[in-house]
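Here are some short exercises to work through with the model open beside you. Try each task before you read its solution.

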Amino acid sequence: MMTERQRKFREQYRAAISRYYSGWVHIGVMYSAGITAIWYCVSQLQGASWEWLLLVPVLIAGNFAEWGMHKYVMHRLIDVFALRAIFDRHTRQHHQYFTDNDATIDTVREFRIVFFPWRVLIVLAVFGVLFAWIASVLINPNAGYIVFIGMIGHYMVYETFHFCCHVHDNWFVRNAPFINTIRRHHTAHHNMGIMMHVNMNLTFPIADWFLNTSDLKRGLLGHLQRLQRRACHTRAEARDGALSHVRNAGQARHARWSSAERG
Ligand SMILES: [Zn+2]
Ligand SMILES: [Zn+2]
């Protein structure tokens, strides 16, 4: 059930969307630019082989970058122009619009509150070119193109997975591996009580598992696949258990270390 406050916020937000805004143009431009960039980089490769392995470190770094941006920029007010705008857009708008009580959209116009604005892709492309250039100088041009493919590809996955978190329940989001996982993970994150602390990943909850900022108390595999039978991992449990879990995690780790020292 949506609260009165959330309903009001949604009404105001929707009324403020420019009449020139089109959800299809918004995501059409974003996906075409991203896919064209990836296609171009693939077409420039010359006999790439082992260089594809670079995707592993790039995607792992991307997973931690996504975690860090979400925790330390999107949920922390830093009073510098662009960073403050990101905080406003995420903590003050996205998280008012969607709560764990009602986390879905009904119309294409609401794409505006789900997808990042185009400038995020542009900023990412600038950093992508920089890292790709460094890789091309240090290793070879194939490496440069593959680094760029990894960065843009990760972003496309991020937007797609996050979108899947905010659509109405359907067969696909219930059954697609990884998407059903992140949907539970991110809906729990939309709980106002825990949003500043846990479930910061938006693609695969690897950094959340590694850094102990997940509402689940499971290993990596348990984080990556959603086990339907374990129905006890619900939002209510997230709400009640997450904060104490996060607090206890530090102590537990400490206890493990000291017992390891003793043993
Ligand atoms: Zn969200
Ligand atoms: Zn958030």
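A residue is buried if 20 or more other C-beta atoms lie within 10 Å of its own, exposed if 12 or fewer, and partly exposed in between, with C-beta atoms placed from the backbone. Helices (H or I, at least four residues) and strands (E, at least two) are DSSP runs, numbered from the N terminus.

Before you start: this is a predicted model, where local features need pLDDT of at least 70, side-chain atom pairs count only at pLDDT 80 or more, and totals for chains, interfaces and linings use all residues. Residues are numbered from 1 along each chain as its sequence is written, while chains are lettered from A and ligands numbered from 1 in the order in which they are written.

**Exercise 1. Work out whether helix H9 is largely enclosed.**

Step 1: find H9, which covers residues 179-189.
Step 2: list its buried residues, namely Thr 181, Ile 182, Arg 183, His 185, His 186, Thr 187, Ala 188 and His 189.
Step 3: that is 8 of the 11 residues, so H9 is largely enclosed by the rest of the structure.
For background, 26% of the 263 residues of the protein chain count as buried, and the chain has 12 helices and 0 strands.

**Exercise 2. Describe how helices H3 and H7 pack.**

Two packed helices are described by the angle between their axes and the distance between the axes.

Step 1: take the axes of H3 (residues 55-74) and H7 (residues 141-165); they come within 9 Å and cross at roughly 40°. Axes here are lines fitted to C-alpha atoms, for helices over the stretch in contact, and angles run from 0 to 180 degrees between N-to-C directions.
Step 2: name the geometry. That angle makes H3 oblique to H7 (under 35 degrees is roughly parallel, over 145 roughly antiparallel, 65 to 115 roughly perpendicular, and the rest oblique).
Step 3: pick out the contact residues (C-beta atoms, placed from the backbone, within 7 Å). H3 brings Leu 55, Val 58, Leu 59, Gly 62 and Glu 66, and H7 brings Ile 146, Val 147, Gly 150, Met 151, His 154 and Tyr 158.

**Exercise 3. Find the helix that supplies the largest share of the largest nonpolar core.**

Step 1: know what to look for: a nonpolar core is a set of buried Ala, Val, Leu, Ile, Met, Phe, Trp, Tyr and Cys residues joined through C-beta atoms within 7 Å.
Step 2: look at the best-connected members. Of the 27 residues in this core, Tyr 145, Ile 146, Val 147, Phe 148, Ile 149 and Met 151 touch the most other members.
Step 3: check the helices. H2 (23-44), H6 (118-138) and H7 each supply at least two residues of the core, and the largest share, 12 residues, comes from H7.
Step 4: zoom in on Tyr 145. Leaving aside neighbours within four places in sequence, Tyr 145 is in contact with Cys 41, Gln 44, Leu 45 and Ala 132.

**Exercise 4. Compare two asparagines with positive phi.**

Most residues other than glycine have a negative phi.

Step 1: read the angles. Phi of Asn 199 is near 60°, and phi of Asn 212 is near 60° too.
Step 2: place them. Asn 199 sits in the loop between H9 and H10 (206-210), while Asn 212 is in the loop between H10 and H11 (220-224).
Step 3: check burial. Asn 199 has 26 other C-beta atoms within 10 Å, so Asn 199 is buried; Asn 212 has 15 C-beta neighbours inside 10 Å and counts as partly exposed.

Technical notes: Two residues are in contact if their C-beta atoms, placed from the backbone, lie within 7 Å.
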